[in-house]
Amino acid sequence: MSVKVSPKNSQLSDAQVGKQYFSRIEITGGRVTENGIPGEITPKDNGLYLKSCEPLSVTKNNCIQITGIPEKTGTIRVTVAGGVYGTMFESANRFYKTYTINVLDH
C-alpha cells in the first residue's frame, strides 16, 4: 500500500471572506512521522490555519483540518508534505500534495 493524500482533487471547496471555513485532508498508508502538522498555508496572513483533527491520537497528523475565517479574496495554497513510518510489510514512504482554495467576496 502506498501513501495516499485525499481528497484526490487538488481544488478544495471555495471559501468566502468573513465566513467560517472548514475542510479536511487525510493521509493514509502509514503513520505520519512529523512532530508538527505536516503542512503550510500561503499566504500566511489569510485567516485560515491548519490543525490536527485528533490532537491526542498517536496518528494525530494523519488528518489535518483547514479552518478559520478568510480575511481577503484571492487564492490560498495548502501544501502537505512529509513521510510515514515503515512497517514490517511496507517501507517508509514520502508524500507531497498542493491544494488551492479560492476565497470569494461576500
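**Two sheets and a disulfide**

Let's start with one pair of residues: Thr42 stands opposite Arg77, a residue of β7. In this predicted model, that pair belongs to the contact between β4 and strand β7 (residues 74-84), which run antiparallel to each other and are joined over four bridges.

Step back from these strands and a sheet comes into view. It is an open sheet of four strands in the order β2-β8-β7-β4, and its pairing is mixed. At its edges you will find β2 (15-16) and β4 (39-42); each has a single partner strand, so one side of each is left without a neighbour in the sheet. In general, strands of a sheet pair through backbone hydrogen bonds, in either the parallel or the antiparallel sense.

Now turn to another sheet. Here four strands follow the order β1-β3-β6-β5, again as an open sheet, with antiparallel pairing. Its edge strands are β1 (4-6) and β5 (48-52), each of which pairs on one side only. From one strand to the next, the twist averages 20°. For a closer look, try β1 and strand β3 (residues 21-28), an antiparallel pair held over three bridges. Among the residues to find there is Lys4, whose bridge partner in β3 is Thr28.

Finally, where is the disulfide? Cys53 and Cys63 form it, with their sulfur atoms 2.0 Å apart, and the count for the model is one disulfide. Cys53 lies in the loop between β5 and β6 (63-68), while Cys63 is in strand β6, so the pair ties together parts that are ten residues apart in sequence. The link is left-handed, with -60° about the S-S bond. Both Cys53 and Cys63 are buried.

Notes:
Residues numbered from 1 in each chain as written. Predicted model: local features only at pLDDT ≥ 70, side-chain atom pairs only at ≥ 80, totals over all residues. Heavy atoms only, no water. Pairing = 2+ DSSP bridges. Axes fitted to C-alpha atoms, helices over the stretch in contact; angles between N-to-C directions. Disulfide = S-S within 2.5 Å. Buried < 20%, exposed > 50% of the residue type's maximum accessible area, 1.4 Å probe, protein only.
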